[in-house]
Amino acid sequence: MASTEQRQEILLQPQGRLDLAGGVWLKQQIAMIAPRRYKLWLIDMSSVEFIDSAGLVALAQGMKTATQSGASLILLGLRPAAKLIFEITQLDRVFTIFENYDALQLSRNLIPALA
């Protein structure tokens, strides 16, 4: 698990499984960044091989915390299995999801909140 900060955005990179343990890590990371007032919280999911309900809850709580902090939470790089879970649960309609960081960069001109 890793995190990288740049300008007014921060990148969190969960690894492996976003289950109970991975969800705890994500919640801890979010609790640390919430007071720092980043505008954009990016979560790179490209290295997440498995996600369960605990991981989904951690992401949902992260989105709530981001919103309360005046930030946007964006998911990047969902793998096919995780993407299917988001589609089945209709969370793909709740979260802003991009294929990768390059796709996000291309969209910055189209979405003023991301600029």
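What share of the 115 residues of the chain counts as buried? In this predicted model, the figure is 42%. The accessible surface of the chain amounts to about 6500 Å². Carbon and sulfur atoms hold 54% of that surface.

The chain contains four helices and seven strands. Their order along the sequence is β-β-β-α-β-β-α-β-α-β-α. Three strands thus precede the opening helix in this pattern, and a helix closes it. Contacts were also examined by sequence separation. Among contacts in the chain with a separation of 6 or more, 65% join residues 24 or more positions apart.

Helix α1 spans residues 20–33 and includes glutamine 29. Is this glutamine 29 buried or exposed? Its relative accessibility is 12%. Glutamine 29 therefore counts as buried, because the value falls under the 20% cut-off. Glycine 62 lies 33 residues from glutamine 29 along the chain. The C-alpha atoms of glutamine 29 and glycine 62 are 9.5 Å apart.

The structure holds one salt bridge. Which side chains form it? The partners are arginine 17 and aspartate 19, with an N to O distance of 3.0 Å. Arginine 17 has a relative accessibility of 45%. This value lies between 20% and 50%, so arginine 17 counts as partly exposed. Aspartate 19 has a relative accessibility of 14%. That is under 20%, so aspartate 19 counts as buried. The salt bridge thus pairs a partly exposed arginine 17 with a buried aspartate 19.

The largest pocket encloses about 170 Å³ of space. Its lining consists of Gly77, Leu78, Lys83, Phe86, Glu87, Asp92, Ile97, Phe98 and Glu99. By class, the lining residues divide into four nonpolar, one polar and four charged. The nonpolar residues are Leu78, Phe86, Ile97 and Phe98. The charged residues are Lys83, Glu87, Asp92 and Glu99. Gly77 counts as polar under the classes applied here.

Which elements each supply at least two residues of this lining? They are helix α3 (80–88) and strand β7 (96–98). Helix α3 gives the most, with three residues. Lys83, Phe86 and Glu87 fall within the range of α3. Ile97 and Phe98 fall within the range of β7.

Key: Residues numbered from 1 in each chain as written. Predicted model: local features only at pLDDT ≥ 70, side-chain atom pairs only at ≥ 80, totals over all residues. Heavy atoms only, no water. Buried < 20%, exposed > 50% of the residue type's maximum accessible area, 1.4 Å probe, protein only. Contact = heavy atoms within 4.5 Å. Areas by Shrake-Rupley, 256 points an atom, 1.4 Å probe, with all protein chains shown as cover. Salt bridge = Lys/Arg side-chain N within 4 Å of Asp/Glu carboxyl O. 1 Å grid on protein atoms, 1.4 Å probe; cavity = no way out; pocket = protein on both sides within 12 Å on 5 of 7 lines; lining within 4 Å. Points joined across faces, edges and corners; volume = space filled by probe spheres on them.
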